[in-house]
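This briefing looks at cysteine pairing, enclosed space and charged side-chain contacts in one protein chain. Please keep the sequence and the model in view while reading.

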Amino acid sequence: MAAAKPPIRIGSDNFYESKLMGEIYAQVLEANGYTVERKFGLGSRQERIPTMDAGQIDLVPEYVGSGLGFYDKTKISGDGQANATALQAAIASKGLTVLGISPGQDTNAFVVRKDTSDTLKLTKMSDLAAVQDQLKWGLPSDCDTNPLCSGALKDSVINYPPKQRTALGASDVPMATALQGKAIDLAELCSTPPAIVQFGFVTLADDKHTQPAENIAPIVRDDYLAKVDKAAFQAILDAASAKVTTDELTKLGVEVAVNNKDVGEVAKTW
């Protein structure tokens with residue numbers, strides 16, 4: 001008989017939405033009698049994945065498109081469930097399981113200020129090639145090794161790397177602040193951060209289809225699942241994920257990134 005509810009270590013990447021999803025999963029498990037150790041802000045996917053592979057965390061929220069792209073970008077698609085299924089195949093040998101995906105998603109998005117869009121006539125990704133050297137690019141610190149950043153850009157959009165670029169945290173507040181303050185002219189953000197609406201940024205249409213569907217799902221170590229009632233454990237997390245719509249992600253982002261509320265309090269209220 002499986003042991004009852006052993007402590008679980010939950011990690012996250014280092015941007016607010018990943019921490020928020022980790023906190024949501026932590027709180028629903030705590031409400032069901034689990035003891036949770038939080039290990040949030042582990043870094044980018046390139047840093048976080050080896051930490052999980054080494055057995056230092058048991059669960060992490062993952063964006064299934066980018067997660068799949070880390071292993072094989074040729075398999076990514078605009079279908080979230082297909083990405084989750086392919087991601088499961090890619091990580092099964094590592095002793096990891098992908099649980100149910102959220103209906104909501106947060107894709108990678110390339111955005112500019114409205115003045116830049118108007119001046120350079122930038123409305124879609126394919127417009128960037130002609131003006132790439134006129135722009136100060138804000139890109140994630142892991143862009144060179146991220147197939148959905150440098151890989152997507154060099155494959156179909158620009159001559160990578162751009163001449164002027166600044167490395168900032170992916171999809172995080174400093175990236176949006178730098179864009180608004182004109183320290184950079186183009187930023188890679190997630191599609192749900194409130195800064196896009198708050199500052200009137202223009203999201204460039206992905207006419208080159210560079211980004212996959214990015215529904216969110218917990219990834220859990222199989223050696224942890226072997227210690228619990230797997231069906232009951234998954235039911236708890238699947239129920240939480242099922243309530244995470246794109247609209248909810250955006251609203252929660254406003255609470256954290258604009259209203260500066262604590263991630264734990266935002267998750268608890270939600």
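What follows is a short lead and then bullet points grouped by topic.

The model is predicted, and side-chain atom pairs are counted only at pLDDT 80 or more. Under the criteria applied, the structure holds 1 disulfide, 1 cavity of 30 Å³ or more and 18 salt bridges. Arg48 is a useful residue to follow through the text, since Arg48 is listed in the lining of the largest cavity and also pairs with Asp13 in a salt bridge.

**Cysteines**

- The disulfide joins Cys143 to Cys149, with 1.9 Å between the two sulfur atoms, and the angle of -90 degrees about the S-S bond makes the link left-handed.
- Cys143 is classed as buried because its relative accessibility is 1%, below the 20% limit, and Cys149, with a relative accessible area of 0%, is buried as well.
- Cys190, by contrast, takes part in no disulfide, and the cysteine sulfur nearest to that of Cys190 belongs to Cys149, at a distance of 12 Å.
- Although unpaired, Cys190 also counts as buried, its relative accessibility being 5%.

**The cavity**

- The largest cavity has a volume of about 70 Å³, and its lining is made up of Arg48, Ile49, Met52, Asp53, Val60, Glu62, Gly67, Tyr71, Leu87, Ile91, Leu96 and Ile219.
- Four elements each supply at least two residues of this lining, namely helix H2 (45–53), strand S3 (59–63), helix H3 (64–71) and helix H4 (80–91).
- Of these elements, H2 gives the largest share of the lining, with 4 residues.
- By residue type, the lining divides into 8 nonpolar, 1 polar and 3 charged residues.

**Salt bridges**

- Arg48 and Asp13 meet through their side chains in a salt bridge, with 2.7 Å from N to O.
- This pair links distant parts of the chain, as Arg48 lies in helix H2 whereas Asp13 lies in the loop between strand S1 (8–11) and helix H1 (16–31), 35 residues apart.
- Both Arg48 and Asp13 are buried.
- A second pair, Asp133 with Lys163, has its closest N and O atoms 3.7 Å apart, and this contact is counted as a salt bridge because the cut-off is 4 Å.
- Asp133 and Lys163 likewise come from distant parts of the chain, 30 residues apart: Asp133 sits in the loop between helix H5 (114–120) and strand S6 (137–140), and Lys163 in the loop between helix H6 (150–156) and strand S7 (165–168).
- Asp133 is partly exposed, with a relative accessible area of 40%, whereas Lys163, at 68%, is exposed.
- Lys261 pairs with Glu255 in a further salt bridge, in which the closest N and O atoms are 2.7 Å apart.
- Lys261 counts as partly exposed at 45% relative accessibility, and Glu255, at 23%, is also partly exposed, because the buried class ends under 20%.
- Salt bridges that share partners join Asp13, Arg45, Arg48 and Glu62 into one network.

**Where the topics meet**

- Which residues of the salt-bridge network, formed by Asp13, Arg45, Arg48 and Glu62, also appear in the lining of the largest cavity? Arg48 and Glu62 are both listed there.

Methods:
Residues are numbered from 1 along each chain as its sequence is written. Side-chain values use heavy atoms; hydrogens and water are left out. A disulfide is a pair of cysteine sulfur atoms within 2.5 Å. Buried means under 20% relative accessible area, exposed over 50%, partly exposed in between (1.4 Å probe, protein chains only). On a 1 Å grid over the protein atoms alone, a cavity is a set of points where a 1.4 Å probe fits but cannot get out, and a pocket is an open set with protein on both sides within 12 Å along at least five of seven lines; lining residues have an atom within 4 Å of a point. Grid points are joined across faces, edges and corners, and a volume is the space filled by probe spheres set on the points. Ala, Val, Leu, Ile, Met, Phe, Trp, Tyr, Cys and Pro count as nonpolar, Asp, Glu, Lys and Arg as charged, and the others, Gly among them, as polar.
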